[in-house]
Amino acid sequence: MCKPKKFGGLGLRNIKDIADVSKFKLFWKFLEGKSHWARWMCAKYLKNKNFWLARKEVHHSYVWKSILDCREIGKNLIQRKLKDGTQTSLWFDPWISGNSLINFLGWNNLHILGGDKDKVQSIINNNRWSFHNNPAAHIFKNAISEIKIEQNSLRDHWSWKLSSKDKFSFKKV
């Protein structure tokens, strides 16, 4: 039934596939943070915690748990576009080839090298990487040296890798 008509099916989509893609659409809408719903979800479930570290709790809604379940696969489908570095967590957002700095350096280094509230902006100076302010920057310098910092006053944002327009597309997923 779920085969295309030209292959003898009815051309119906698999309901599980539709449900999975719908979860990723919610994941994307949450990351964009532009809607009232996304801001409400953030206020309700994160309460100033980092999304990538949030844990599922028994009392959380099915929708929130589904969004959290999308994180591991979602990291491979999104990319952080750095503009001014003020909206991207230095340690926890997956801004280095789909990985976070904490994955490269480990938790011990977080406590030695700085605070968990640091933003990428702290290692940018005049639209260039600046490692003078961070004593351990030489450890991750090679990992980020190829990442482009775009020169403008726009805010950091997420882009969807499967789309040429950087936006989520139901068909592309």
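Is Lys-56 buried, partly exposed or exposed? In this predicted model, Lys-56 is partly exposed, at a relative accessible area of 44%. I shall begin with the salt bridge that this residue makes, and then turn to the other charged pairs and the nonpolar cores.

The partner of Lys-56 is Asp-69, and the closest N and O atoms of the two are 2.7 Å apart. Asp-69 is likewise partly exposed, with a relative accessible area of 48%. The bridge connects distant parts of the chain: Lys-56 belongs to the loop between helix 2 and helix 3, whereas Asp-69 sits in helix 3, 13 residues apart.

How many salt bridges does a search of the whole structure find? The search returns three. As a general remark, side chains of opposite charge can pair when their charged atoms come close.

Another of these bridges joins the side chains of Lys-16 and Asp-20, with an N to O distance of 2.9 Å. Both residues are in helix 1, and because they are four residues apart, about one helical turn separates them. Lys-16 counts as exposed, at 54% relative accessibility. Asp-20, by comparison, is partly exposed, with a relative accessible area of 25%.

There is also a bridge between Glu-72 and Lys-75, whose closest N and O atoms are 3.6 Å apart. These two residues lie in helix 4, which covers residues 71–77, and their spacing of three residues is about one turn of the helix. Glu-72 has a relative accessible area of 56% and is therefore exposed. Lys-75 has a relative accessible area of 13%; since the cut-off for buried is under 20%, Lys-75 is classed as buried.

I now move to the nonpolar interior. Which residues have the most contacts inside the largest nonpolar core? They are Phe-27, Phe-51, Trp-64 and Ile-78, in a core of 21 residues. Two or more residues of this core come from each of helix 1 (15–32), helix 2 (36–46), helix 3 (62–69) and strand 4 (157–160). Helix 1 is the greatest contributor, giving six residues.

Phe-27 deserves a closer look. With neighbours within four places in sequence left aside, Phe-27 is in contact with Phe-51, Trp-52, Ile-67, Cys-70, Arg-71, Gly-74 and Ile-78. Apart from the largest core there is another, of 17 residues, including Phe-92, Ile-96, Trp-129 and Ile-149.

To close, I return to helix 1: this helix holds the Lys-16 and Asp-20 pair, and helix 1 also gives the most residues to the largest core.

Note on methods: Residues numbered from 1 in each chain as written. Predicted model: local features only at pLDDT ≥ 70, side-chain atom pairs only at ≥ 80, totals over all residues. Heavy atoms only, no water. Core = buried A, V, L, I, M, F, W, Y, C linked by side-chain atoms within 4.5 Å. Buried < 20%, exposed > 50% of the residue type's maximum accessible area, 1.4 Å probe, protein only. Contact = heavy atoms within 4.5 Å. Salt bridge = Lys/Arg side-chain N within 4 Å of Asp/Glu carboxyl O.
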